[in-house]
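Reader: I'm new to reading protein models and would love a close look at one part of this one. Could you take me through the empty space inside and what sits around it?

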Amino acid sequence: MTVNMTKGQAISLQKDDGGSLTAVRMGLGWQSAPRRGLFGRRVREIDLDASALLFAGGQLRDVVFFRHLVSDDGSVRHTGDNLVGGAGTGGDDEAILVDLQRVPVHVDQIVFTVNSFTGQTFEEVANAFCRLVDETNGRELARYTLAGGGAYTAQIMAKVHRSGQGWNMTAIGAPSNGRTFQDLLPDIARQL
């Protein structure tokens, strides 16, 4: 059963049988919002980018994004850059795979961000979502829907963080501005 998450909500990533998840996929989907123009409605392509930032004790240790598709230790992998979106309500336009068993023990948080590389604001984005899927069976575990886009170009979507022997996910949903993850670092620091 999927949990539709709200901003600030946290869920455990323990399986129903008490075991721990071993591999998850953070999926991102979006569509361009139609705009009224002089000659009717038009859609402008929007290039959103998903990134995963790996932190240890509040310090950035590695990042996975469209220019660095695999973490240095191989535990986190980006499936590739989508320049236009389009899935929106269905499948993932971009995805980041996390092998939770291979994440180094010193990494205690993985923060997932989305930014508009082309600089359009989220007012121009429709049906945007971030979801967590159990990669071993394809079951969607949690979904955070980005509603009511605003005049910002990035969003700190969620984080997966260690909790005892397992992992939790927290929906963050904090707006920010920037074309790449580097621009978001001051805002991300407030979410750790």
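Author: Let's start with the walls. Strands β3 and β10 each supply at least two residues of the lining of the largest cavity. Bear in mind that this is a predicted model, so everything here is computed from predicted positions.

How do you find a hole like that? Rolling a probe the size of a water molecule over the atoms shows where empty space is left. Searching the whole structure turns up one cavity of 30 Å³ or more, and the space in this largest cavity comes to about 50 Å³.

Now for who lines the largest cavity: Met26, Gly27, Leu28, Ala50, Ile96, Phe112, Thr113, Val114, Cys130 and Met157. Sort that lining by class and you get eight nonpolar residues, two polar ones and no charged ones.

Pick out Val114 from that list and follow it for a moment. Val114 belongs to strand β10. Its relative accessibility is 3%, so it counts as buried, the cut-off being under 20%. Leaving aside residues up to four places away in sequence, Val114 touches Leu28, Leu48, Asp49, Phe122, Thr153, Ala154, Gln155 and Met157. Take Leu48 from those: it is 66 residues from Val114 in sequence, yet the C-alpha atoms of the two are 6.4 Å apart in space.

Leu48 also leads us to the wider surroundings. The largest nonpolar core has 36 residues, and Leu48, Val76, Val98, Ile110, Phe112 and Leu132 have the most contacts inside it. Phe112 should look familiar, as it also lines the cavity. Elements giving two or more residues to this core include β3 (23-32) and β10 (109-116), along with β6 (48-56), β9 (94-99) and β11 (125-134). Apart from this core lies another one, of 14 residues, with Phe65, Ala174, Phe181 and Leu184 among them.

That other core brings us to some aromatic rings. A pair of aromatic rings is described by the distance of the centres and the angle of the planes. The structure holds four such pairs. In one of them, Phe65 and Phe66 have ring centres 5.4 Å apart and planes at 80°, so this pair is edge-to-face. Phe65 is buried, with a relative accessible area of 11%, and Phe66, at 18%, counts as buried too. Ring pairs also link Phe65 and Phe66 with Phe117 and Phe181 into a cluster.

How values were computed:
Residues are numbered from 1 along each chain as its sequence is written. This is a predicted model: local features need pLDDT of at least 70, side-chain atom pairs count only at pLDDT 80 or more; totals for chains, interfaces and linings use all residues. Side-chain values use heavy atoms; hydrogens and water are left out. A nonpolar core is a set of buried Ala, Val, Leu, Ile, Met, Phe, Trp, Tyr and Cys residues joined through side-chain atoms within 4.5 Å. Buried means under 20% relative accessible area, exposed over 50%, partly exposed in between (1.4 Å probe, protein chains only). Helices (H or I, at least four residues) and strands (E, at least two) are DSSP runs, numbered from the N terminus. On a 1 Å grid over the protein atoms alone, a cavity is a set of points where a 1.4 Å probe fits but cannot get out, and a pocket is an open set with protein on both sides within 12 Å along at least five of seven lines; lining residues have an atom within 4 Å of a point. Grid points are joined across faces, edges and corners, and a volume is the space filled by probe spheres set on the points. Ala, Val, Leu, Ile, Met, Phe, Trp, Tyr, Cys and Pro count as nonpolar, Asp, Glu, Lys and Arg as charged, and the others, Gly among them, as polar. Contact means heavy atoms within 4.5 Å. Rings of Phe, Tyr and Trp (its six-membered ring) pair if their centres lie within 6.5 Å; planes under 30 degrees apart count as stacked, over 60 as edge-to-face and the rest as tilted.
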